[in-house]
Every structure is written in structure tokens, then in C-alpha cells.
Amino acid sequence: MPSTSALLQVWAGQDIEAFDTPRKVVALTFDGGASGEAVESILATLETYRVPATFFVTGAFARAYPGSVTAMAAAGHPVGNHSDTHPYFTQTTNEEIRAELAAAERSISALTGATTTPLFRFPYGDLTDLDIRVVNAAGYIPVRWTVDTLGWKGTSAGITTSVVRQRVLDRLRPGQIVLMHVGAHPEDNSTLDADALPGIIEDLRARGYGFTTLPDLLDDAL
């Protein structure tokens with residue numbers, strides 16, 4: 001595995017939205033912050049279909065759902081840093097950003113047995129160029145997304161599993177990064193991303209696509 005410093009030489013200054021690759025592969029990614037109701041279902045689907053994924057969790061999530069984070073890592077899925085308390089980084093000082101990263105790393109790595117570096121995702125996708133530099137200096141490469149399924153909006157916002165699946169297909173390309181979430185909607189209790197996941201996998205495989213992890217795509221650049 002390439003060193004973090006080698007990867008940073010290639011990816012510094014970027015908040016990656018997609019990867020330029022000739023391979024017909026997609027990276028499924030799942031964020032964990034507020035709740036973890038769908039983790040078990042998501043992991044079961046990934047195991048059934050033999051699909052790798054990448055997870056980003058907050059330190060607070062790791063402390064609230066330690067078994068879920070342990071299960072992600074035990075299943076072989078990389079687990080990245082999504083900050084400790086999910087603040088808006090554009091409203092956070094550099095010192096506070098460094099503290100957020102360090103606190104999350106402590107909580108997550110204690111469960112996974114592995115560092116979260118270099119995987120990081122900005123809370124809310126909220127950032128400045130300076131924020132990227134601060135994150136890079138801490139050893140992290142920010143990874144955004146090519147498409148947000150909007151499953152997190154729930155059925156109360158008119159989102160359905162069909163909408164989730166179609167959004168992925170509408171932005172399909174080699175090196176696509178799909179953003180999904182592991183929690184339930186706080187009001188309607190829907191878990192649309194988990195419910196749509198089998199269909200997403202089948203849709204993409206029917207179009208000749210396979211699946212990979214973010215570390216694999218980051219390494220491709222070296």
C-alpha cells in the first residue's frame with residue numbers, strides 16, 4: 001500500500017468528486033453521523049453481493065455505535081474520518097479542525113485497529129481551500145462525491161428507492177463516487193439508501209460495472 005505522503009503528493013489541494021479511470025468501476029460510500037439503523041442491512045447486502053464499500057463515520061458515531069464500526073472493519077470495508085462532531089468546517093478554526101480530526105481518529109481507530117488516514121469527508125461538503133490545506137497537513141485526502149442519492153431526505157420529502165436508483169444511473173461513469181447514508185430519517189424512519197442498495201448493485205452490474213473502494217482508486221494514481 002502506498003504511503004500517505006506519496007498519495008498526498010498527488011491529491012493535495014483537491015476535494016475529489018470523481019476519479020479519472022478507464023476501469024468501469026464505481027465506489028459506493030456511506031456516511032455515518034446521526035444514526036446507524038441501517039448498518040446491519042447495508043453490510044448484509046454488501047456481503048450477499050460480494051461488493052466492497054467505503055464508510056465515513058464521525059467520532060461521535062463511533063462512540064454511539066461501536067459495534068457497527070467494528071462490523072464495518074471486520075467485513076473488510078475501509079472506514080474513514082468524517083470529523084468528530086460534524087460541524088461546518090467553514091465556521092471552524094484551524095485549531096478546532098485539527099482537534100476534530102484527532103478526536104475522530106482516536107475513537108474510530110480504537111474500534112477498527114487501523115488509522116483513518118488518508119480518508120476524509122467534509123461534513124455537509126462544507127469547505128474552503130484553506131480547510132483542504134489544514135486537512136492535508138493532518139494526513140488526509142478529502143473525498144466528496146459524484147452523486148448524492150438524496151436517500152437521506154426520506155419519504156417525507158418525496159424520495160423513493162426508484163429515485164435513489166435513478167440518480168445513480170443518471171450520473172454513472174467510470175470512477176463515480178456514490179454518496180449514501182447508514183441512518184434512518186429522523187421523522188419518517190425511512191432507510192432508502194439501504195433499501196435501494198440491492199437494486200443499485202444490480203443496475204450497475206447490468207451495465208457492466210464493478211465496485212471498488214476509495215483507497216483502491218486513490219492508489220491508481222501512483
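Two strands pair if DSSP finds at least two bridges between them. Keep that rule in mind, because this tour of a predicted model follows strand pairing from one stop to the next.

**Stop 1: strand 1**

Select residues 25-32, which form strand 1. Is this strand enclosed or open? Eight of its eight residues are buried, so strand 1 is largely enclosed by the rest of the structure. Colour its two faces separately. V25, A27, T29 and D31 cover one side. V26, L28, F30 and G32 lie on the other.

**Stop 2: strand 2**

Now add residues 54-57, strand 2. Strand 2 runs parallel to strand 1, with four bridges between them. Which residue of strand 2 is the bridge partner of F30? Pick F55. Then click D31 and look across to F56 in strand 2, which stands opposite.

Strand 2 is covered on both faces as well. T54 and F56 are buried on one side, F55 and V57 on the other.

Show residues 39-49 next. This is helix 2, and with strand 1 and strand 2 it makes a right-handed β-α-β unit.

**Stop 3: strand 3 and H82**

Move on to residues 79-81, strand 3. Strand 3 runs parallel to strand 2, and three bridges join the two. Select V57 and N81 together to see one pair of bridge partners.

Step into the loop between strand 3 and helix 5 (94-112), where H82 is found. Is H82 buried or exposed? Its relative accessibility is 3%, and the cut-off for buried is under 20%, so H82 counts as buried. Show its side chain and look for two neighbours. The side chain of H86 makes a polar contact with the H82 side chain at 3.1 Å. The backbone oxygen of R121 lies 2.8 Å from a polar atom of that H82 side chain.

**Stop 4: strands 7 and 8**

Return to strand 1 and add residues 176-181, strand 7. Strand 1 and strand 7 are parallel and share six bridges. Click F30 again: M180 in strand 7 stands opposite.

Add residues 210-212, strand 8. Strand 8 is also parallel to strand 1, joined by three bridges. Here V25 stands opposite G210.

**Stop 5: the largest pocket**

Turn on a surface. The largest pocket has a volume of about 510 Å³. How many residues line the largest pocket? The lining has 25 residues. Select D31, A34, H86, W152 and H181, which lie nearest the pocket centre. H86 is the contact partner of H82 from stop 3.

Colour the lining by class. Ten residues are nonpolar, twelve polar and three charged. Strand 1, strand 7 and helix 8 (192-206) each supply at least two residues of this lining.

**Stop 6: the loop before strand 1**

Finish in the loop between helix 1 (4-11) and strand 1. D15 is found in this loop. D15 counts as buried, because its relative accessibility is 16%. Show the D15 side chain and that of R144, which make a polar contact at 3.2 Å.

R23 sits in this loop too. R23 is partly exposed, with a relative accessible area of 31%. Select R23 with F211 as your last pair. They are 188 residues apart in sequence, yet 10.0 Å apart in space, C-alpha to C-alpha.

Key:
Residues are numbered from 1 along each chain as its sequence is written. This is a predicted model: local features need pLDDT of at least 70, side-chain atom pairs count only at pLDDT 80 or more; totals for chains, interfaces and linings use all residues. Side-chain values use heavy atoms; hydrogens and water are left out. Buried means under 20% relative accessible area, exposed over 50%, partly exposed in between (1.4 Å probe, protein chains only). A crossover is right-handed if, with the strands pointing away from the viewer, the path from the first strand over the helix to the second runs clockwise. On a 1 Å grid over the protein atoms alone, a cavity is a set of points where a 1.4 Å probe fits but cannot get out, and a pocket is an open set with protein on both sides within 12 Å along at least five of seven lines; lining residues have an atom within 4 Å of a point. Grid points are joined across faces, edges and corners, and a volume is the space filled by probe spheres set on the points. Ala, Val, Leu, Ile, Met, Phe, Trp, Tyr, Cys and Pro count as nonpolar, Asp, Glu, Lys and Arg as charged, and the others, Gly among them, as polar. A polar contact is a pair of N or O atoms within 3.5 Å; within protein, one must be able to donate a hydrogen and the other to accept it, and residues adjacent in sequence count only if both atoms are side-chain atoms.
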